[in-house]
Amino acid sequence: MTNTRHPTQRASGVRPNLPAFVDWPAFPFEGSLNIKPLQEPVDAEPPRRGDRQEQCAACHTPDSVYLWSNERWRLKSPPAPSGLPVVVILEPRAHLDLGDLSTMHAAELGVLTVRLERAIRSLESVAQVHVNRWGDGTAHLQQWFLARPHGYLQLRGPFMTMWDEILPPVEEHEWQMNLEYIAAWLSDD
């Protein structure tokens, strides 16, 4: 059976043509919203940043910029605090994307994901940790860890990245202490 509705139309609801998530408590916007027209698909996908290793920023960034590193992995943060208590990014040292990981890299990614989630969630100011990978930005794998602040239930769910940019930045001192704590946690094998 073919769905005859346009991808931006709702089957039912108070606000026609808007998806149901605009009524979720976590959705960060209110008022009149308009959906952008869906662009026609392109024949060829554009290259991602760093498709070629010699142009990859991650491959040419020194370890001194990272919070933590070992033989195969490195952890960094954005250069300044944002609205969430912690945002960190785990990358393989080698120029690999998710589908390129060896069995060893994949196993280590699983272990590091759990260790990082535990470290971040153990911070008093953190209730939950969201783990994300978006594949359209860069060809070098980046796995993002975003900490939801304790008590801020409105930040739950898929809109937390939007809230991160809407909220005022965390105090620099608190942000730096959180990053140092996480780096120490990973260094303590």
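In this predicted model, arginine 74 stands opposite glutamate 91 in strand E3. The two strands involved, E2 and E3, pair in the antiparallel sense. Their pairing extends over 4 bridges. Strand E2 covers residues 73-76, and strand E3 covers residues 87-92.

On its other pairing, E3 meets strand E5, residues 143-149. This pairing is also antiparallel and also counts 4 bridges. Two residue pairs place the strands in register. Valine 87 stands opposite leucine 146 in E5. Leucine 90 stands opposite glutamine 143 in E5.

E3 is mostly covered, with 6 of its 6 residues buried. Its side chains split between two directions. Val87, Ile89 and Glu91 point one way. Val88, Leu90 and Pro92 point the other way. Glu91 is thus listed among the buried residues of the strand.

These pairings belong to an open sheet of 5 strands. The strand order is E1-E2-E3-E5-E4, and the pairing is antiparallel. The edges are formed by strand E1 (68-69) and strand E4 (126-132). Each of these edge strands pairs on one side only.

Helix H1, residues 103-121, lies across the sheet strands E1, E2, E3, E4 and E5. The helix runs at about 155 degrees to E4.

The protein chain as a whole has 3 helices and 5 strands. From the N terminus on, the elements run β-β-β-α-β-β-α-α. The C-alpha atoms fill a box of roughly 55 × 45 × 30 Å, taken along the principal axes. Of the 189 residues in the chain, 37% are buried. Long-range contacts are also counted. Among contacts between residues at least 6 apart in sequence, 61% join residues at least 24 apart.

The largest pocket holds about 260 Å³ of space. Its lining comprises 19 residues. Nearest the pocket centre lie Ala57, Ala58, Lys76, Glu91 and Gln142. Glu91 therefore appears in two settings, as a buried residue of E3 and as a lining residue of the largest pocket, under the lining criterion of an atom within 4 Å of a pocket point. By class, the lining has 9 nonpolar residues, 7 polar residues and 3 charged residues.

Terms used
Residues are numbered from 1 along each chain as its sequence is written. This is a predicted model: local features need pLDDT of at least 70, side-chain atom pairs count only at pLDDT 80 or more; totals for chains, interfaces and linings use all residues. Side-chain values use heavy atoms; hydrogens and water are left out. On a 1 Å grid over the protein atoms alone, a cavity is a set of points where a 1.4 Å probe fits but cannot get out, and a pocket is an open set with protein on both sides within 12 Å along at least five of seven lines; lining residues have an atom within 4 Å of a point. Grid points are joined across faces, edges and corners, and a volume is the space filled by probe spheres set on the points. Ala, Val, Leu, Ile, Met, Phe, Trp, Tyr, Cys and Pro count as nonpolar, Asp, Glu, Lys and Arg as charged, and the others, Gly among them, as polar. Two strands pair if DSSP finds at least two bridges between them. Contact means heavy atoms within 4.5 Å. Axes are lines fitted to C-alpha atoms, for helices over the stretch in contact, and angles run from 0 to 180 degrees between N-to-C directions. Buried means under 20% relative accessible area, exposed over 50%, partly exposed in between (1.4 Å probe, protein chains only).
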